[in-house]
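Here are a few exercises to work through with the model open in your viewer. Try each task before reading its solution.

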Amino acid sequence: QLRARARPSGAPQMNPARPPGGCSRGHAVAGAANGDNAEGPPSAAGLLDAQAPFSVQVYTVAGGVVASLQVDERATAAGVKALISEAGGPQPDRQRLALPSGKLLRNTGKVSDQLADVESLTLILVPSIEEQGRDLIARYSWQSISEHQDWLVAHRGAVHNSSVGQLGVGDFRALLRHIPRARKVTGPEVHHAGMSPFSLQAPVPWEEILPAWDDHVLDVEVTSDTRGLDVWQHFLAERQWVDANIVGW
């Protein structure tokens, strides 16, 4: 079992400026496996390999230290965010990690490629998708998928096909995150184009779709006329995926 060492205080420091080298800081590391088969789900550190070829410091926007990560070449963005959370940072869904260039760490692709020659990341705290969803539903009088998922925006009334001009860019991007998550509940599946719908290999796993979609909506170019389902359809076409339910919407 690989473990992350969390900050004893259980919360990220919020220092007004980056501290000088040598002062205390939180650590989240991928340690060596101890050979014991502990019961229960693996820790977040299990998403990273035991070997850690390079270190990355994570800071708040104000410069406070959140964690010191030991990142392996096979690390995933989900693994990095989970370690930050274990070290006292926010939940992964509330994290955006900015590179020194100003670009955001992507969910897809190798993290080690994105972190080449990078020594630090800046943690940007954002509302969770649940918080954003409840806010959108309240302000626009939309409906949720169900009482159990009262945060997930339903497509009733063609809501998912709202435009940037109707919502503004910020609310539009927030809404986009709900499109595949609502479809995961209501169906149908997303399939590889050209494959028989009866093939066991036809469905695209939602675990593959959702991270790629979240990356896509972060910086997809939009105009006032852009509609939600236009973005969704273009996203599918780029990857040679198909969604039968898009027809007639």
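**Warm-up**

This is a predicted model, and 45% of the 249 residues in the chain count as buried. In secondary structure, the chain comes to 8 helices and 7 strands. Take the contacts with a separation of 6 or more: 63% of them are between residues 24 or more positions apart.

**Exercise 1. Find the largest pocket and work out where it lies relative to the domains.**

Solution, step by step:

1. Start with the volume, which is about 710 Å³ for the largest pocket.
2. Next, go to the centre. The lining has 29 residues, and Lys81, Asp93, Asn107, Arg177 and Asp214 are the closest to the centre of the pocket.
3. Now sort the lining by element. Two or more residues come from each of helix H1 (77-86), strand S4 (95-98), helix H5 (169-176), helix H6 (178-186) and helix H7 (206-219). H7 gives the most, with 8 residues.
4. Sort the lining again, this time by class: you should get 13 nonpolar, 10 charged and 6 polar residues.
5. Finally, bring in the domains. Residues of domain 1 (53-127) and of domain 2 (130-234) both line the largest pocket, so the pocket lies between the two domains.

**Exercise 2. Decide whether Asp243 is buried or exposed, then find the partners of its side chain in polar contacts.**

Solution, step by step:

1. Place the residue: Asp243 sits in the segment after strand S7 (241-242).
2. Check the accessibility. Asp243 has a relative accessibility of 4%, and because the cut-off for buried is under 20%, it counts as buried.
3. Look for polar contacts. The Asp243 side chain makes one with the side chain of Arg183 at 2.3 Å, and another with the side chain of Trp232 at 2.9 Å.
4. Complete the surroundings. Leaving out residues up to four places away in sequence, Asp243 touches Pro188, Glu189 and Leu236 as well as Arg183 and Trp232.

**Exercise 3. Do the same kind of check for Val61: is it buried or exposed, and which residues does it touch?**

Solution, step by step:

1. Val61 belongs to the loop that runs between strand S2 (54-60) and strand S3 (65-71).
2. Its relative accessible area is 65%; exposed means over 50%, so Val61 is exposed.
3. With residues up to four places away in sequence set aside, Val61 touches Thr122, Leu123 and Ile124.
4. One last distance to try in the viewer: Val61 and Ala98 are 37 residues apart along the chain, and their C-alpha atoms are separated by 9.6 Å.

Technical notes:
Residues are numbered from 1 along each chain as its sequence is written. This is a predicted model: local features need pLDDT of at least 70, side-chain atom pairs count only at pLDDT 80 or more; totals for chains, interfaces and linings use all residues. Side-chain values use heavy atoms; hydrogens and water are left out. Helices (H or I, at least four residues) and strands (E, at least two) are DSSP runs, numbered from the N terminus. Buried means under 20% relative accessible area, exposed over 50%, partly exposed in between (1.4 Å probe, protein chains only). A polar contact is a pair of N or O atoms within 3.5 Å; within protein, one must be able to donate a hydrogen and the other to accept it, and residues adjacent in sequence count only if both atoms are side-chain atoms. Contact means heavy atoms within 4.5 Å. On a 1 Å grid over the protein atoms alone, a cavity is a set of points where a 1.4 Å probe fits but cannot get out, and a pocket is an open set with protein on both sides within 12 Å along at least five of seven lines; lining residues have an atom within 4 Å of a point. Grid points are joined across faces, edges and corners, and a volume is the space filled by probe spheres set on the points. Ala, Val, Leu, Ile, Met, Phe, Trp, Tyr, Cys and Pro count as nonpolar, Asp, Glu, Lys and Arg as charged, and the others, Gly among them, as polar. Domain bounds come from an automatic or database domain assignment.
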